[in-house]
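Reader: I would be grateful for a close examination of one part of this model, namely the place where the two protein chains meet. Please set that part in its surroundings as you proceed.

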Protein chains: 2
Amino acid sequence: MTILDIAKEAGVSKSTVSLVINGSDSVKMETRYKVEQAINKLGYVPNQAARQLITSRTHTIGLIFLTSNHFHKSYAFSSVPETLLYDASNGINMALQDTDYTLLTERFSSAGGDSVPYLIRSRKLDGVILIGGLFSDELMEQIEKQNLPVVNLGRQYKHFDSVAVDLEQAGFLGIDYLLEKGHRRIVFVNGPDTSSNSQKKLEGVRRALAVRGLPESVVSAIYTEYTGLGGYHSFRKLWETGQRPDAVFGGSDGITAGIMRYLYEQGVAIPDQVSILGYEDSILSEYASPALTCINTQKETMGAEACRVLMNRIKKRRAQLTMLKIAPTLIERNFVADRR
Amino acid sequence: MTILDIAKEAGVSKSTVSLVINGSDSVKMETRYKVEQAINKLGYVPNQAARQLITSRTHTIGLIFLTSNHFHKSYAFSSVPETLLYDASNGINMALQDTDYTLLTERFSSAGGDSVPYLIRSRKLDGVILIGGLFSDELMEQIEKQNLPVVNLGRQYKHFDSVAVDLEQAGFLGIDYLLEKGHRRIVFVNGPDTSSNSQKKLEGVRRALAVRGLPESVVSAIYTEYTGLGGYHSFRKLWETGQRPDAVFGGSDGITAGIMRYLYEQGVAIPDQVSILGYEDSILSEYASPALTCINTQKETMGAEACRVLMNRIKKRRAQLTMLKIAPTLIERNFVADRR
DNA sequence: GTGAAAGCGCTAACAT
DNA sequence: ATGTTAGCGCTTTCAC
C-alpha cells in the first residue's frame, strides 16, 4: 500500500497524491476529492520513513527526563516523586493532539555513562523538551553542541528557550494567603538552598511580608530536598527545637507529605493547630483528605506551552529566544484555618 | 555525512561499510578496522530513516494509553487517576534501558474520532503495548487487523499476548490479611460490576472466606468506578444505611482515597474504628499519612514484562501466545488495626 | 571478501 | 493543474 496505489485508484499521478497529502492548494477541488476518497477507501497512511528520508524531518519530538533517581521506585517516600514529569507529559500530549507530531520519551541519568541522551544523538527528533532535576551547565553545553531545537521546562539556560512558573510570584502568593488568613508564625519548608529556584521563591516571600509591613521574622525558611523524607526530617528538626508555627508552607507536594506525616505522628491537628499550604497541586494534594489548599504551579500548562514554543523553534530556528513565565494560581481547598 | 563518506575515507565501497555497521562476520578484520576508524574519525551516525525505509523496522515501540478521561486534568478526584500508566511506563523504560529500542507514547480516546490509534496506523512502530481502561472487542479487532505485534497490559484479549496481575490472588490476599487480623465485618469496594476483573477479584475473596470456613456474609461487596468520587459516594451510601464495617478493602487507590475522605469527614478514626486496606500501591498509598497497607499490583514489573514479551513477539511473530500472570504481594504499613 | 546495482516510498524541481 | 523524474541514504542480493 503505497502512494502509487492511491494514484492508480484515484486515476492521477503520485505527485498529485503527494500534493494532496501535504495540503498544497494548487490542486483542483475535484482532484483533491478523488484522492481523498481513495485514501479513505484504502486506508492509506504515508510511510514516515520515506518521508523522513527526503525531508529530513522526523515529525517527532522528544521529552527527556533528566533524573538522578535512577530507576528506584519512582515515588518512594525517600525519592523525588515524579509528579512534574507526569503532569507536564499530559500537557505535552494535549498540545500534540492537534499536530502530526508524536512524542518519544527517554529517561536520562548520568549514571548510565552517556554524556548526551541517546535520543538527542540518534537524530530521531526534530526537537526536544528537557525536564527534571539533573541540570548542569556541562550537560547543557553538550546538548547545545548537537544543534537541535531545545526547550527547557522548569529551568532556564541562557541559550535555550524555556518555560517555567513564576517562582517569585508563587512564593508571594503562598505567603500572602497565609498572612491574609491571619497567620504570623509561618514556616516555609523550601527546596534545597543551593538552588536558584529556592532563592526566587524566597524573594516572593519577602515581598509578601514587605507589602504588609511585617518583619521578616514572621516567616522562617528552612531548606530540604524535594522528597517526603526531606520534608519529614527537616520539619521534625524544627519542631524539636520547640518552635510551634501556626502555618507551614511546603516547597513541593513531596515535602508537604513529609511534613504532614510528622504532624500526624505527633497527633497535631490540621488545620486547628497548624495550617498547611501546599505547593505544586499534584495528585497528592487532590487526593489528600481533605484536599489540600495549594499553589498550582501549572505543570500541564507548562507542558503544553513548552510544546508550542518548541514547535515554533522548529519552524523558525533563528527566532529570538523565548523565556516564558507562567503565572501560578492559588487553589483554595482545605488544610488552612482562618486565624483572623 | 553519509555512508559514502565513510566508504571513501576507508577506501572501500559503501556495501562494505554497511556490512561492518550491521556486524556481518564476512568482513576481513583489517577492513573492518579501517571502516571503524573512519566512522569514529568522522563521528558518523547512520540515518535511521533510510535504514527504516529499507528494513521496515523502526526500532521503536509504542505505548498506547486507551483512555476515556479525554484530557481532563489527569488526576481530578472525579476521574480515574492515571497511576497505572505512570508506573507501567516506568517499568517499560526500565526494560528498554538495555535495548536499542525507543518508546513512543500516545493517548488514545475514542472521542478523538479515529477508530485506531494514530501510532498504529502510521507504522512508526515495530510493536505496541496497550494499556488503560478503554477496552472493547471492536477496538481490539480493529487493531488486530493492522497485523502489528501487540501486548495487552492489565487485560486479556484472545489474540494478543498479555501481562496482568493475578486478580483472583489479589482478592484472596487482601481479604485473607484482614481476616487474619481479626476483622469480621468487611466491606470490599470493588470496581465496576460489569468488569470481568471485578469478578475475578471477588473469586479470590470467596476463596479466602472458604479457606477459613467463614460465611460469605463476612464480606459485603459493593461496586463503583475507579475514581475518588466513586469510592466516596459508594461508601457513603453504605454508611448511611447504618452499616459499620470494621475494615474496608478499596478496589484501587483512587477508590480508597474516596473512602478515606468520607471517613475523614465523618470524623471516624482510622484504623481504630475502621481499618483500611488499599489496592494498587501507587504514589497515593506511599504518600498517605501514615502510609497505607495495601496489595501491590506490581505495575512496574508488569510494564517491564510487557516490554520483554513484546520484544519476543517482534522477533518471533508466530510464537505461541503468552498470557503472563504476575503475582501480587502485600505491603504491610499502617491503616489496618489488629483486632484479634 | 568486496563491489555494483537495484530499489525501499516518498518529495520537489521541473516539464507539460 | 498535473505528470515526469531524479534522488534522499541505506540494505541486500548477486557477481566477481
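Author: In this predicted model, A:Thr105 stands opposite B:Leu103, a residue of β2(B). The two strands concerned, β2(A) and β2 of chain B (residues 102–108), pair in the antiparallel sense, with three bridges between them.

This pairing belongs to an open sheet of 12 strands with mixed pairing. Its order runs β11(A)-β5(A)-β4(A)-β3(A)-β1(A)-β2(A) and then continues through β2(B)-β1(B)-β3(B)-β4(B)-β5(B)-β11(B). At the edges stand β11 (323–326) of chain A and β11 (323–326) of chain B; each has a single partner strand, so one side of each is left without a neighbour in the sheet. From one strand to the next, the twist averages 20°. Within the chain B part of the sheet, strand β4 (residues 150–153) and strand β5 (residues 161–165) pair in the parallel sense over three bridges. There, B:Val151 stands opposite B:Asp161 of β5(B).

The contact between the chains draws on 39 residues from chain A and 38 residues from chain B. On the side of chain A that touches chain B, the elements giving two or more residues are α4, α5 (83–96), β2 (102–108), α6 (118–122), α11 (253–266) and α12 (283–287). The largest share of that side, six residues, comes from β2(A). By class, this side of chain A has 21 nonpolar, 11 polar and seven charged residues. Of the interface residues of chain A, 97% are also interface residues in chain B, so the copies meet through the same surface.

The arrangement of the two chains may also be described as a rotation. Chain A is superposed on chain B by a rotation of 180° with 0.7 Å of shift along its axis, at an RMSD of 1.2 Å. The two copies are thus related as by a two-fold rotation axis. In chain A, the C-alpha nearest this axis belongs to A:Ala49, at 2.1 Å from it.

Both chains also contribute to the surroundings of the DNA. DNA strand C is surrounded by 24 residues, of which the closest are A:Thr2, A:Ile3, A:Ser18, A:Ala50 and B:Ser15. The elements that give two or more residues to the surface near this strand are α2 and α4 of chain A together with α2 and α4 of chain B. With five residues, α4(A) gives the most to the surface near DNA strand C. The residues of that surface divide into 10 nonpolar, 11 polar and three charged.

Around DNA strand D there are 26 residues, and the closest are A:Ser15, B:Thr2, B:Ile3, B:Ser15 and B:Ala50. Here the elements giving two or more residues are α2 (14–21) and α4 (48–55) of chain A, together with α2 (14–21) and α4 (48–55) of chain B. The surface near DNA strand D has 11 nonpolar, 11 polar and four charged residues. Thus α4 of chain A is among the elements on the side that touches chain B, and α4 of chain A also gives residues to the surfaces near DNA strand C and DNA strand D.

How values were computed: Residues are numbered from 1 along each chain as its sequence is written. Chains are lettered from A and ligands numbered from 1 in the order in which they are written. This is a predicted model: local features need pLDDT of at least 70, side-chain atom pairs count only at pLDDT 80 or more; totals for chains, interfaces and linings use all residues. A residue is near a molecule or strand if its C-beta atom, placed from the backbone, lies within 6 Å of it. Helices (H or I, at least four residues) and strands (E, at least two) are DSSP runs, numbered from the N terminus. Ala, Val, Leu, Ile, Met, Phe, Trp, Tyr, Cys and Pro count as nonpolar, Asp, Glu, Lys and Arg as charged, and the others, Gly among them, as polar. Copies are superposed by least squares on the C-alpha atoms of residues with pLDDT of at least 70 in both. Two residues are in contact if their C-beta atoms, placed from the backbone, lie within 7 Å. Two strands pair if DSSP finds at least two bridges between them. Axes are lines fitted to C-alpha atoms, for helices over the stretch in contact, and angles run from 0 to 180 degrees between N-to-C directions.
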